[in-house]
Amino acid sequence: MHQILNFFEEVFRLKRTPRAGFWYYGVKDPESVAEHIFGVALITYISGKLILEKGQNLNLERAIKMAIIHELGEALIGDIHLEARRYLGKCVDTGEQKAFEDISSTLPISLRDELLELYEEFNQGKTIEAKLVRSADKVDLLIQAHIYEKTGYKNLESFFNEDKNFEYIKQVPFFAELIENLKQRRAK
């Protein structure tokens, strides 16, 4: 139990870890990484249910688990915004992977292995579940940017102009339609 408690204490740092991209562009009190994870998990659940209702095959439980754990490494290294990633390159991914491995190493082996498998699947982005969660990750980002714009923040256009933010969204028709609707709202 001591190690499980340590795991939670480390991961709960995400509740006070700000989303660096919003901070970088001037949002004074941006959402935390934990708040972002909540948004991604909720978007994954809602969109996954709607996709299943259309008769498409999807392991929704697996996708939700992936959404919950996809940012755990940031509990140790923080959230690194896109501008910094341009300079740091692959070392960010390597660092986040190492942090994820370290943070999950205190868990029982079967649970640790499951988390590592989910994390690797998310990073590879090849399965329908990983594509769904990677898309939900960006959809959450774009909806939150829009909400910040509605409350008066400027200079967030770059979130909508960054091609990387749409790479997976384009592969999930539900999200492509949702983001098109968001773009229309922003134009008003």
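Reader: Why is asparagine 155 called exposed?

Author: In this predicted model, asparagine 155 has a relative accessible area of 59%, and since exposed means over 50%, the residue is counted as exposed. Asparagine 155 is found in the loop between α9 and α10, and its phi is near 65°, a positive value in a residue other than glycine.

Reader: What makes asparagine 165 count as buried?

Author: The relative accessibility of asparagine 165 is 5%, and because buried means under 20%, asparagine 165 counts as buried. The residue has its place in the loop between α10 (157-161) and α11 (173-187), and, if neighbours within four places in sequence are left aside, asparagine 165 is in contact with Lys138, Leu141, Leu142 and Phe159.

Reader: And why does glutamate 101 count as partly exposed?

Author: With 33% relative accessibility, glutamate 101 lies between the cut-offs of 20% for buried and 50% for exposed, and therefore it counts as partly exposed. Glutamate 101 has its place in helix α7, and its C-alpha atom is separated by 29 Å from that of phenylalanine 159, the two being 58 residues apart along the chain.

Reader: How do you know that α3 and α4 are roughly antiparallel to each other?

Author: Helix α3 (residues 33-53) and helix α4 (residues 60-69) pack at an angle of about 165°, with their axes 8 Å apart; because angles over 145 degrees count as roughly antiparallel, that is the name given to α3 and α4. Their crossing is right-handed. On the α3 side the contact includes Ile37, Val40, Ala41 and Thr44, and on the α4 side Leu60, Ala63 and Ile64 are among the residues that meet them. The residues of this contact of α3 with α4 divide into 10 nonpolar, 2 polar and 1 charged.

Reader: Which residues of α4 are buried, and what covers them?

Author: The buried residues in α4 are Leu60, Ala63, Met66, Ala67 and Ile69, and what covers the buried residues of α4 includes α3, α7, α8 and α9 (128-150). At the start of α4, a side-chain oxygen of asparagine 59 reaches to within 3.4 Å of the backbone nitrogen of glutamate 61.

Reader: What makes α7 and α8 roughly antiparallel to each other?

Author: Helix α7 (residues 90-104) and helix α8 (residues 109-124) pack at an angle of about 160°, with their axes 10 Å apart, and because the cut-off is an angle over 145 degrees, α7 and α8 are roughly antiparallel. The crossing in which α7 passes α8 is right-handed. Glu96, Gln97, Phe100, Glu101 and Ser104 of α7 meet residues of α8 that include Arg112, Leu115 and Tyr119, and by class the contact of α7 with α8 has 4 nonpolar, 3 polar and 4 charged residues.

Reader: Why is α9 called roughly parallel to α11?

Author: The axes of α9 and α11 come within 11 Å and cross at roughly 10°; because angles under 35 degrees count as roughly parallel, α9 is roughly parallel to α11. The contact is made by residues including Leu132, Val139, Leu142 and His146 of α9 and Phe175, Leu178, Leu182 and Arg185 of α11. By class, the contact of α9 with α11 has 9 nonpolar, 2 polar and 3 charged residues.

Conventions
Residues numbered from 1 in each chain as written. Predicted model: local features only at pLDDT ≥ 70, side-chain atom pairs only at ≥ 80, totals over all residues. Heavy atoms only, no water. Axes fitted to C-alpha atoms, helices over the stretch in contact; angles between N-to-C directions. Helix = DSSP H or I, 4+ residues; strand = E, 2+ residues; numbered from the N terminus. Parallel < 35°, antiparallel > 145°, perpendicular 65-115°, else oblique. Left-handed = near helix turned anticlockwise from the far one by under 90°. Contact = heavy atoms within 4.5 Å. Nonpolar A, V, L, I, M, F, W, Y, C, P; charged D, E, K, R; others polar. Buried < 20%, exposed > 50% of the residue type's maximum accessible area, 1.4 Å probe, protein only. Polar contact = N/O pair within 3.5 Å; in protein donor to acceptor, adjacent residues only side chain to side chain.
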